[in-house]
Amino acid sequence: MFAIHRLGVSAIAAIALSIAVAAPAHADALIDNVDGVALDKDGHQIRFTGILVSPDGKVVRLLQKFDKRPDKLDWRADMKGRVAIPGMIDAHGHVMDLGFRAMSLDLFETTSLAGALDRLRAYAAANTTRAWLIGGGWNQEVWQLGRFPTAAELDAVVADKPVWLQRADGHAGWANGAAMRAAGITAKTADPPGGRIERLANGQPSGVFVDAAMALIEAKLPPPTPIDRNVAFLKAQEQLLSLGITATADMGTSVDDWLVYRRMGDGGYLRVRIMAYGGGVETALKVGGTGPTPWLYGDRLRMGGIKLYSDGALGSRGAWLKAPYADAPGNSGLGFLKDDQLLNLMSRGAMDGFQIAVHAIGDHANLQVLDAIEELSATYKGDRRWRVEHAQIVDPADIAKFGQHGIIASMQPVHESSDWRMAEARLGPARLGGAYAWATMEKLGTRLAFGSDYPVENPNPFVGWAVAITREDAQGQPPGGWRPEEKVSREAAWKAFTSDAAYAGFADDRFGTLAPGLRADFIIVDRDPTLATPADLGQTRVLETWVGGEKVWERK
């Protein structure tokens, strides 16, 4: 969890007003004079020049240039020939973490250890009243450090108060000496199940805590207040809407998160649609009781699933591999659950009708989840839409299992563009055959749902869309794409960021594209993404965002 400014009710109101763009709503309406393009149910492009919207914010009909417009309308919006496309959907994000990241020390853009320490020094000077200095976003791979940072390096900048900085992927944290002392961490502190304390040559904790070990420090963090949480949500919502994201899966929703969303919905501030996945079985049952909640606030909020973890992340060497890391012999990562434990948790959720989504990055973790789905599918019939979150490193011998039992591969193209060099170092060339294998998954009949894993990565869906069709990073590296045979088509990537992302959240009967009967969620953009070069596609700017036929964000 990232640090929080203690802001009052007036600050909440100010942020809320910034997203409450005046526009008529809930009336017979026509969004006219658009250069519109969307995908039909088969993934083919359709063009239109008008969107007829019902009083409850649903699409009545897409109009062509020479179609007669209704004679009687309550209101009409002239888009002056600008490009309109369906709202984008992020199939895997962390809403509250995005907001908290914006309210804390953000190291996401740092390119060196020295640069990160400089930011910490400035942040500490500007926040002298804070009991703890909290932030995140660092990545030792981006810094080309060749190792994890240490507590001693933090102590050289801030030694008199605790510092806790999460790694970019949220699967490791970096503490200074004061933070470790506050948590009672010593050389005798044992690694918890599913976690690892990085240690120096002399056995002392180095200052980096991986996966479950992070809880040793985080148990001592000052908790955010309800007002802090409200402000964090509004900041996150503002950012998502500004990027054209009209709906998102929220992976690992806590009870406190859910209460924020309900407060926002009750107060009329909930604009973005949230498909919530409870952080574990107990959380989902506390929220839903006997099963998934109904859709609330005009299809803006529902908890329909449960998020579980099989392993950690590749960057912190917590991803669970079948064989040791190529750059860390003797370490095969962290398996969080035994096979029977995972089966039990998945079964407990499935028996109450919750959708199951399991984080699996390493090839061992992916096989564990695939085998669990195979076993549970004999008991839990019907449309289950089992989800594997990330599915980054899969043994080619196992990858065909993704084409069975309606499994959804919830993947994040931007992870590939950020990780490809690291993946080569972690795995070696012989084990890359099933790495970030989007095209192979698609050919097997696996439904792809794309997202960003924000705030781990940039939530901009147009950046992710460009990566999906090029497998190049922002600098165009490597030329022609990394393992280019795994590129997907422009339409397939677009579908994975819209209707298939909605399908992955059991929301495809409510939103996900522009079609009669679905919610009128669309965005006005500065270029046609179907015609833009890949480089230009990634630079697409959103001009307006509309949710349910109501304008909820506009670029100033």
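1. A good place to start is the salt bridge between Asp71 and Lys68, whose closest N and O atoms are 2.8 Å apart. Asp71 counts as exposed at 70% relative accessibility, and Lys68 is exposed too, with a relative accessible area of 58%. Do keep in mind that this is a predicted model.

2. Now have a look at Asp299 and Arg510, which form a salt bridge with the closest N and O atoms 2.8 Å apart. This pair links distant parts of the chain, 211 residues apart: Asp299 sits in the loop between helix H9 and strand S15, and Arg510 in the loop between helix H16 and strand S20. Asp299 is buried, at 8% relative accessible area, while Arg510 is partly exposed at 27%.

3. Helix H16 comes up again with Arg447 and Asp500, whose side chains meet in a salt bridge (2.9 Å, N to O). Because Arg447 lies in strand S19 and Asp500 in helix H16, the pair ties together parts that are 53 residues apart in sequence. Here Arg447 is partly exposed (29%) and Asp500 is buried (8%).

4. Across the whole structure, a search finds 36 salt bridges. Glu141, Arg317, Asp327 and Arg426 are linked in a network of them.

5. Turning to the interior, the largest nonpolar core has 104 residues, of which Phe233, Met346, Phe402 and Phe450 touch the most other members. Helix H7 supplies the largest share of this core, 7 residues. Another core, of 21 residues, lies apart from it and includes Leu113 and Leu334.

6. Helix H7 also holds Arg229, which counts as buried at 10% relative accessibility. The Arg229 side chain makes a polar contact with that of Asp256 (3.4 Å).

Terms used: Residues numbered from 1 in each chain as written. Predicted model: local features only at pLDDT ≥ 70, side-chain atom pairs only at ≥ 80, totals over all residues. Heavy atoms only, no water. Helix = DSSP H or I, 4+ residues; strand = E, 2+ residues; numbered from the N terminus. Buried < 20%, exposed > 50% of the residue type's maximum accessible area, 1.4 Å probe, protein only. Polar contact = N/O pair within 3.5 Å; in protein donor to acceptor, adjacent residues only side chain to side chain. Core = buried A, V, L, I, M, F, W, Y, C linked by side-chain atoms within 4.5 Å. Salt bridge = Lys/Arg side-chain N within 4 Å of Asp/Glu carboxyl O.
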